[in-house]
Amino acid sequence: MLKKIVALFLVAIALVVTGCVSIGGGLQSFVDTTDGYEFLYPNGWLEVKVSDGPDVVFHDLVEATENVSVVISPVVGDQTLADLGTPTEVGYKLSKNAIAPADSGREAELVSAEAREYKAKTYYQLEYAVKLADGRKRHNLASVGVSRGKLFTINISTTEARWQKVHDKFEQVINSFSIY
């Protein structure tokens with residue numbers, strides 16, 4: 001009888017602990033206190049050193065084409081995100097300047113664009129369907145925000161074939177992006 005009570009108690013404890021696991025399960029934290037941003041990225045992803053381009057890049061060890069990056073760009077004066085345009089306008093500019101610039105052979109369709117507030121800052125959440133020059137299809141999520149005269153852009157990308165499998169985790173990454 002005592003063994004049954006102990007076993008039930010252990011099962012109950014396990015269920016409580018499992019229920020306490022945060023929505024960020026399977027994610028690690030990256031914090032850049034120098035530039036003033038942070039985000040979560042999937043476990044098992046490795047940082048890739050780049051010399052000219054994004055501030056930071058991580059990619060999946062197994063699915064090497066899955067990646068997340070942060071780009072920091074200057075903005076003129078004390079412009080806010082709203083000064084740069086609506087979510088759709090900024091999403092369109094991002095697609096033409098970074099995701100599928102002229103002569104890249106890529107095409108990007110802005111699937112959705114919306115504003116959200118997080119930790120007293122406004123962010124634009126953007127979703128793209130991207131077609132590479134060789135015909136392969138990809139899916140990108142991005143979030144942009146402005147702080148201290150800089151535009152911060154996080155972008156996470158995967159193949160269209162894996163999109164449904166990783167969609168929820170990628171949303172968590174994008175929603176975790178915070179600038180200060």
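Author: A nonpolar core is a set of buried Ala, Val, Leu, Ile, Met, Phe, Trp, Tyr and Cys residues joined through side-chain atoms within 4.5 Å. Keep in mind that the model we're looking at is predicted.

Reader: Okay, which element gives the largest share of the largest core?

Author: That core has 22 residues, and Tyr37, Phe39, Phe58, Val68, Ile154, Ile156 and Phe177 have the most contacts inside it. Two or more residues apiece come from strands E1 (27-32), E2 (37-42), E4 (56-60), E5 (67-74) and E9 (150-159), and from helix H4 (160-176). The largest share is five residues, and the element giving it is H4.

Reader: And how many residues are in the other core, the one apart from it?

Author: Look for Val90, Val130, Ala142 and Val146, which are among its members. The core they belong to lies apart from the one we just covered, and its residue count is 15.

Reader: Let's zoom in on Phe39: is it buried or exposed?

Author: Leaving aside neighbours within four places in sequence, Phe39 is in contact with a list that includes Phe30, Val56, Phe58, Val68, Ile154 and Phe177. Buried means under 20% relative accessible area. Phe39 comes in at 2%, so we call it buried.

Reader: What is the angle between the planes of Tyr37 and Phe39?

Author: The whole structure holds 13 aromatic pairs. Tyr37 and Phe39 make one that is stacked, with 6.3 Å centre to centre. For the label "stacked", the planes must be under 30 degrees apart, and here the angle is 5°.

Reader: How far apart in sequence are the parts tied together by Tyr37 and Phe177?

Author: Tyr37 is buried, with a relative accessible area of 0%. Its ring centre is 6.2 Å from that of Phe177 and the planes stand at 50°, so this pair is tilted. Tyr37 sits in strand E2, while Phe177 is in the loop between H4 and strand E10 (178-179), so the parts tied together are separated in sequence by 140 residues.

Reader: Which ring has the charged end of Arg116 over it?

Author: One aromatic cluster takes in Phe30, Tyr37, Phe39, Tyr41, Phe58, Tyr118, Tyr123, Phe152 and Phe177. The charged end of Arg116 is 5.6 Å from the centre of one of these rings. That ring belongs to Tyr123.

Reader: Now the strands. Which residue of E5 does His59 stand opposite?

Author: E4 pairs antiparallel with strand E3 (residues 45-48) over four bridges, and Leu46 has His59 as its bridge partner there. Four bridges also join E4 to E5, again antiparallel, and these two make a hairpin with six residues between them. On the E5 side, His59 stands opposite Asn67.

Reader: How many residues of E4 are buried?

Author: E4 is five residues long and is largely enclosed by the rest of the structure. That description holds because the number of its residues that are buried is four.

Reader: Which strands stand at the edges of the seven-strand sheet?

Author: The sheet is open and antiparallel, in the order E3-E4-E5-E9-E8-E7-E6. From one strand to the next, the twist averages 20°. Two strands have a single partner each, so one side of each is left without a neighbour in the sheet: E3 and E6 (107-118).

Reader: What angle does H4 make with E9?

Author: E9 is joined to strand E8 (residues 137-147) by ten antiparallel bridges, with Lys150 as the bridge partner of Ser147. Helix H3 (residues 87-99) packs on this sheet too, touching E6, strand E7 (121-131), E8 and E9. H4 touches E3, E5, E6, E7, E8 and E9, and its direction relative to that of E9 is about 155°.

Reader: Last one: in E10, which residue is the bridge partner of Tyr37?

Author: There's an open antiparallel sheet of three strands, in the order E1-E2-E10, and H4 lies across these strands at about 170° to E2. E1 and E10 are its edges, so one side of each lacks a neighbour in the sheet. Two bridges join E2 to E10, and the E10 partner of Tyr37 is Ile179.

Definitions and conventions. Residues numbered from 1 in each chain as written. Predicted model: local features only at pLDDT ≥ 70, side-chain atom pairs only at ≥ 80, totals over all residues. Heavy atoms only, no water. Buried < 20%, exposed > 50% of the residue type's maximum accessible area, 1.4 Å probe, protein only. Contact = heavy atoms within 4.5 Å. Phe/Tyr/Trp six-rings, centres within 6.5 Å; stacked < 30°, edge-to-face > 60°. Lys NZ or Arg CZ within 6 Å of the ring centre and 35° of its normal. Pairing = 2+ DSSP bridges. Axes fitted to C-alpha atoms, helices over the stretch in contact; angles between N-to-C directions.
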